[in-house]
Amino acid sequence: MSTSAGGAETLFSAFTIRGLTIPNRIVMSPMCMYTSGGDGRPTDWHVVHLGSRAAGGTGLVFTEATAVSADGRITPGDLGIWSDEHVDGHRRLTAAVAAHGAVPGIQIAHAGRKGGRTRPWEGNRPLPREAWGQVLAPSAEPFKPDWHLPTAMTTSDIEGIVSDFSVAARRAHEAGYRVLEGHFAHGYLMHQFLSPLANRRTDRYGGSLENRARLPLAVARAMRQAWPDDLPLFIRLSMIDWLPGGISLDETVQVASWMRDEGVDLIDGTSSGILPGEAIPEEPLYHLGMAGEVRRRARIATSAVGRVRTTSEACEALRSGNADLVFIGRAILQDAYWARRAERELGAENLVGVPVQYRRATQHLL
Ligand SMILES: Cc1cc2nc3c(=O)[nH]c(=O)nc-3n(C[C@H](O)[C@H](O)[C@H](O)COP(=O)(O)O)c2cc1C
């Protein structure tokens, strides 16, 4: 771990991890926009959506879950990076973010058994199988009875997934991303392998924690090998499933230690998504204590994510010593200038400066 999180850390202090300095601790959490236009390519929407958060002072701006293969998408609208033809479109996104001094990050993902659905505003319904292609999972069990019945993956499917994540990592670097995150949470393919509630395999990829973690670790290793040594690799994990028989925090600490040994730099600790019916708490910072356990016991940097809305909640997350970066989701969708407001509230200097075009506003208004 290349940093220490203690009382001295503040929201607008820079964070150096490997050879990268992130100008402040505010991160736009990955959030699906389902707006690729159907072929995985970035659109003007993504340029404006991500660019405006960078103009808004955010230190690290993540794309949504970006599919490593066409049938690894949740919906036909998902962003993709499964083809070399996607790279130029992603260059527009990284340029739009970097233009403001923010760091562009990409989350890469495979939806597994949660793939092949219509967009949320189209009803989140299963698409006809013939229109979609294969739906893969560790075991032939659906997420819900009326969701796709997935095909249990063969060894060759498993090898193909490792390669898909690896090639996606290489393309992400070519496109100009500076942080790479693997989406191993929220009930998508890697989480399906990790959780006993979705992985019923009896081969070397199922059963013990070591076996359930075998594919996620192989994917993390392949991502690390394809990604430059001087740039950081994050992994998003669902730290617990909130259901009996689900993944436990002790197991997550062990997985995080293995990940650290593979060269992963930060665990982005969230929870849930493996099956319906979880009882998820409503309070702010509800993952923070668990993130702290991971941070101390696995000796790896962590994020605070989940119901962070106010400046004081974000500061509290850092002051607690449980997290190094604060990921903000819904609050930053509501307000692209969330970081600028925090900057004013704290009287802080933000290294992600106000765009020159907007400077007159700071001279005359405040
Ligand atoms: C519209 C929307 C889309 C999301 N898409 C993703 C995603 O692509 N990848 C991911 O890891 N989490 C995704 N999430 C979860 C967020 O990244 C974040 O973890 C969650 O919203 C909790 O943070 P918040 O309370 O600040 O919103 C999404 C959340 C929202 C609201």
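Which residue's side chain joins that of Ser 195 in a polar contact of 2.8 Å? Keep that one in mind; the tour gets there after the barrel and the ligand. What you have open is a predicted model.

**Stop 1: the barrel**

Start with a cartoon view and pick out β3, β4, β5, β8, β9, β10, β11 and β12. Those eight strands close into a barrel in that order, with parallel pairing. Step from one strand to the next and the twist averages 30 degrees.

Now select helix α1, residues 44-55. This helix packs on the sheet and touches both β3 (26-28) and β4 (60-67). Compare directions while you're there: α1 makes about 150 degrees with β4.

**Stop 2: β4 and its neighbours**

Zoom in on β4. Is this strand enclosed or open? Eight of its eight residues are buried, so β4 is largely enclosed by the rest of the structure. For reference, "buried" here means a relative accessible area under 20%.

On one edge, β4 runs parallel to β3, and two bridges join them. Show Val 27 and Leu 60 as sticks: Val 27 stands opposite Leu 60 in β4. β4 also runs parallel to β5 (residues 103-109), this time with six bridges. Leu 60 turns up again in that pairing, standing opposite Val 103 in β5.

Add helix α2, residues 87-98, to your selection. Together, β4, α2 and β5 make a right-handed β-α-β unit.

For another pair, go to β9 (residues 233-238) and β10 (residues 266-270). They pair in the parallel sense over five bridges, and Ile 235 has Ile 267 in β10 as its bridge partner.

**Stop 3: the ligand**

Select the ligand and expand to its surroundings. You should find 15 residues around it, the closest being Ser 29, Pro 30, Gln 107, Arg 307 and Arg 330.

Three distances to put labels on:

- Gln 107: a polar side-chain atom lies 2.8 Å from a nitrogen atom of the ligand.
- Ala 65: a polar backbone atom is 3.1 Å from an oxygen atom of the ligand.
- His 183: an N or O atom in the side chain is 3.1 Å from an oxygen atom of the ligand.

Before leaving, click on Arg 307, in the loop between β11 (301-305) and α10 (311-319). What is its phi? Near 55 degrees, a positive value in a residue other than glycine. As background, most residues other than glycine have a negative phi.

**Stop 4: Ser 195 and company**

Back to the opening question. Select Ser 195, in the loop between α5 (189-194) and α6 (209-212). The residue you want is Asp 241: its side chain and that of Ser 195 are joined by the 2.8 Å polar contact. Ser 195 has a relative accessible area of 0%, so it counts as buried. Leaving out residues up to four places away in sequence, it touches Arg 212, Asp 241, Gly 246, Ile 247 and Ile 274.

Next, select Trp 242, in the loop between β9 and α8 (249-261). Its phi is near 60 degrees, positive in a residue other than glycine. With a relative accessible area of 25%, Trp 242 is partly exposed.

**Stop 5: the loop between β5 and α3**

Two residues are worth a click in this loop. His 110 sits there and counts as buried, at 2% relative accessibility. A polar atom of its side chain lies 2.9 Å from the backbone nitrogen of Gly 112. Show the contacts of His 110 beyond four places in sequence and you'll see, among them, Val 68, Asp 71, Phe 165 and Tyr 188.

Pro 128 lies in the loop between β5 and α3 (129-132). At 43% relative accessible area, Pro 128 is partly exposed. Draw a C-alpha distance from Pro 128 to Arg 117, 11 residues apart along the chain, and it reads 8.7 Å.

**Stop 6: helix α12**

Finish with α12, residues 338-346. Which of its residues are buried? They are Trp 338, Ala 339, Arg 340, Ala 342 and Glu 343. To see what covers them, turn on elements including β3, α1, α10, β12 (325-328) and α11 (330-334). The last thing to click is Gly 347, just after α12, with a positive phi of about 60 degrees.

Terms used: Residues are numbered from 1 along each chain as its sequence is written. This is a predicted model: local features need pLDDT of at least 70, side-chain atom pairs count only at pLDDT 80 or more; totals for chains, interfaces and linings use all residues. Side-chain values use heavy atoms; hydrogens and water are left out. Two strands pair if DSSP finds at least two bridges between them. Helices (H or I, at least four residues) and strands (E, at least two) are DSSP runs, numbered from the N terminus. Axes are lines fitted to C-alpha atoms, for helices over the stretch in contact, and angles run from 0 to 180 degrees between N-to-C directions. Contact means heavy atoms within 4.5 Å. Buried means under 20% relative accessible area, exposed over 50%, partly exposed in between (1.4 Å probe, protein chains only). A crossover is right-handed if, with the strands pointing away from the viewer, the path from the first strand over the helix to the second runs clockwise. A residue is near a molecule or strand if one of its heavy atoms lies within 4 Å of it. A polar contact is a pair of N or O atoms within 3.5 Å; within protein, one must be able to donate a hydrogen and the other to accept it, and residues adjacent in sequence count only if both atoms are side-chain atoms.
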